[in-house]
Amino acid sequence: TQKEHPNILVFPFFDEDGKMQFVKYRKTDFDKTKDKAKEWCESNCKPILFGMDQCDPERKVLVLTEGQIDSLSVAEAFKGEVNAVSVPTGAKGFTWVPYCWDWLQKFETLVVFGDHENGHITLLEEMKRQYNIDETRVFIQGMSMGNCMTSQVARYEGAAFAGAAGSGCPTNCKLLFDKDNNLINKGGPMDIWMSRLEHDRT
């Protein structure tokens with residue numbers, strides 16, 4: 001936080017060499033009736049991905065999130081064993097790409113961890129519009145409680161993915177059927193690979 005304003009979070013963006021290239025601010029007590037902006041950036045900075053300096057290219061998977069707190073949460077959840085970065089200026093801000101493209105080539109798999117806003121998986125949709133993405137290779141996957149979420153995403157947003165995979169986790173009938181007892185499947189048909197390990201003796 002800023003020393004003079006403890007209600008303002010400061011996110012410094014360091015490149016892979018540890019040099020600060022970009023700074024972003026977020027007002028924690030934002031009030032849209034009084035404040036001009038919830039987030040803003042320093043001018044004349046180079047937009048790069050947040051968290052680049054914390055990533056290990058030897059780990060070939062990179063998680064790309066839409067917000068800085070999201071990437072920090074992923075890193076914390078996996079105790080620093082997963083590479084996690086975030087875009088600097090939201091789902092539609094792709095000014096970072098020219099500065100980070102070569103660095104992205106060090107990773108084999110890119111996991112897009114986008115927000116779901118107004119019925120859309122925003123970051124994924126914008127990336128599909130901007131780049132030549134093979135949509136037959138866009139999947140969702142989850143284990144345990146993550147599989148519960150994977151199931152829900154598939155039911156509502158399945159059309160955005162080539163398939164889903166998961167293992168484990170009980171669910172609740174309220175998540176599977178609507179109030180008229182009709183199966184919830186707004187996402188349409190999709191390929192599913194599901195494993196249950198209750199009787200696995202290996």
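## A pair of strands side by side

In this predicted model, start by finding A164, which stands opposite I192 in strand β11. The strand pairing here joins β10, made of residues 163-167, to β11. The two run in the parallel sense and are linked over five bridges.

Now widen the view. Together with β9, these strands make an open sheet of three, in the order β9-β10-β11, with parallel pairing. Which strands sit at the edges? They are β9 (139-143) and β11 (191-195), each pairing on one side only. If you ignore direction, neighbouring strands of this sheet are turned by 10° against each other on average.

A helix joins the picture too. Helix α4, residues 145-157, packs on this sheet and touches β9, β10 and β11. Compare its direction with that of β9 and you get an angle of about 145°.

## Another sheet of three strands

Let's move to another part of the chain. Here three strands form an open sheet in the order β5-β4-β6, and the pairing is parallel. The edge strands are β5 (83-86) and β6 (109-113), and each of them pairs on one side only. From one strand to the next, the twist averages 25°.

Look at β4, residues 61-65, and follow its pairing with β6: the sense is parallel and there are five bridges. One residue to look for is V63, whose bridge partner in β6 is V111.

This sheet also has a helix to look at. Helix α3 (residues 122-130) lies across β4 and β6. Its direction runs at about 130° to β6.

## Cysteines without partners

How many disulfides does the structure hold? The count is zero. Take C41 as an example: the nearest cysteine sulfur belongs to C45 and is 8.1 Å away, and C41 is in no disulfide. A disulfide needs two cysteine sulfur atoms within 2.5 Å. As for its surroundings, C41 is partly exposed, with a relative accessible area of 31%.

Why does C100 form no bond with C55? The sulfur of C55 is the closest cysteine sulfur to that of C100, but the two are 11 Å apart, so they are too far for a bond. Is C100 buried or exposed? With a relative accessible area of 0%, C100 is buried.

Note on methods:
Residues are numbered from 1 along each chain as its sequence is written. This is a predicted model: local features need pLDDT of at least 70, side-chain atom pairs count only at pLDDT 80 or more; totals for chains, interfaces and linings use all residues. Side-chain values use heavy atoms; hydrogens and water are left out. Two strands pair if DSSP finds at least two bridges between them. Helices (H or I, at least four residues) and strands (E, at least two) are DSSP runs, numbered from the N terminus. Axes are lines fitted to C-alpha atoms, for helices over the stretch in contact, and angles run from 0 to 180 degrees between N-to-C directions. Contact means heavy atoms within 4.5 Å. Buried means under 20% relative accessible area, exposed over 50%, partly exposed in between (1.4 Å probe, protein chains only).
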